[in-house]
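Hi,

Here is the structure I promised to pass on. Have a look at it first, and then read my notes below.

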Amino acid sequence: ISRVENLQVAAAQPIARVIINARTGSVVMNQSVRLDDCAVAHGNLTLVVSAEVAANAGDAAKIDKGSLVHMKRGVALGDVVKALNSIGASPQDMLAILQAMKSAGALRAELEII
């Protein structure tokens with residue numbers, strides 16, 4: 001029993017999970033959620049996640065209402081949600097974009113809609 005008591009056990013990484021409330025647009029996720037390369041066009045919103053940001057694109061996120069959101073690959077989903085909120089994406093827009101990312105394999109997490 002003393003050998004078992006002294007074992008060091010490392011905690012497993014939590015499963016990447018995203019929960020979105022379709023009515024309110026609330027998004028809850030854990031820190032494990034990252035994105036792969038993808039491009040999503042939805043209405044007047046365009047989101048591009050790529051390995052490199054073009055030299056003329058400026059920062060990691062270029063945000064102008066009704067145009068383009070460009071993020072670097074491996075960005076946390078929380079940053080994408082903040083960018084989409086800043087350009088006025090509706091809860092339905094957010095839901096559709098996350099579902100499209102999941103379908104394309106760019107959102108490497110379980111997606112639960114409540």
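Let me start with a small puzzle: along β1, which side chains point to one face and are buried, and which point to the other and are not? Val18 and Ile20 are the buried ones, sharing one face, while Arg17 and Ile19 point to the other face and are not buried. That fits the usual picture, since in a regular strand side chains alternate between the two faces of the sheet.

Before going further, please keep in mind that this is a predicted model. The protein has six strands and three helices, and along the sequence they come in the order α-β-β-β-β-β-α-α-β. There are 114 residues, and 32% of them are buried. The accessible surface is about 7,100 Å², with 51% of it belonging to carbon and sulfur atoms. If you take the contacts between residues at least 6 apart in sequence, 47% of them join residues at least 24 apart.

Back to β1, which has two strand partners worth tracing on screen. With β6 (110-113) the pairing is parallel, over four bridges. With β2 (27-29) the strands run antiparallel and are joined by three bridges. Ile20 is a handy residue to click on here: Ile20 stands opposite Ile113 in β6 and also opposite Val27 in β2. β1 and β2 make a hairpin with six residues between them, and Gly25 in that turn has a positive phi of about 85 degrees.

There is another hairpin in β3 and β4, this time with two residues between the strands. Its turn holds Gly43, whose phi is positive at about 60 degrees. These two strands pair antiparallel over five bridges, and Ala39 stands opposite Val48 in β4. β4 is mostly covered, with five of its six residues buried.

Now the inside. The largest nonpolar core has 28 residues, and Leu77, Val80 and Met101 touch the most other members. Two or more residues each come from β1 (17-20), β3 (38-42), β4 (45-50), α2 (77-86) and α3 (91-104). In general, nonpolar side chains tend to be buried together in soluble globular proteins. If you want one residue to centre your view on, try Val80: leaving aside neighbours within four places in sequence, Val80 is in contact with Leu35, Leu47, Met71, Val75 and Met101.

α3 deserves its own look. How far apart are its end C-alpha atoms, and does that suit 14 residues or not? They are 20 Å apart, and at 1.5 Å a residue the helix should span 20 Å, so the two agree. The buried residues in α3 are Asp93, Met94, Leu95, Ile97, Leu98 and Met101. Their cover includes β1, β2, β3, β4, α2 and β6. Right after the helix comes Gly105, with a positive phi near 85 degrees.

One name in that buried list may have caught your eye: Asp93, in helix α3. Why does Asp93 count as buried? Its relative accessibility is 19%, and the cut-off for buried is under 20%, so Asp93 falls on the buried side. Not counting residues up to four places away in sequence, Asp93 touches His42 and Leu45.

That's what I found, so over to you.

Cheers

Key. Residues are numbered from 1 along each chain as its sequence is written. This is a predicted model: local features need pLDDT of at least 70, side-chain atom pairs count only at pLDDT 80 or more; totals for chains, interfaces and linings use all residues. Side-chain values use heavy atoms; hydrogens and water are left out. A nonpolar core is a set of buried Ala, Val, Leu, Ile, Met, Phe, Trp, Tyr and Cys residues joined through side-chain atoms within 4.5 Å. Buried means under 20% relative accessible area, exposed over 50%, partly exposed in between (1.4 Å probe, protein chains only). Contact means heavy atoms within 4.5 Å. The expected span of a helix is 1.5 Å times one less than its number of residues. Accessible areas come from the Shrake-Rupley method with a 1.4 Å probe; for residues, only the protein chains shown count as cover. Two strands pair if DSSP finds at least two bridges between them.
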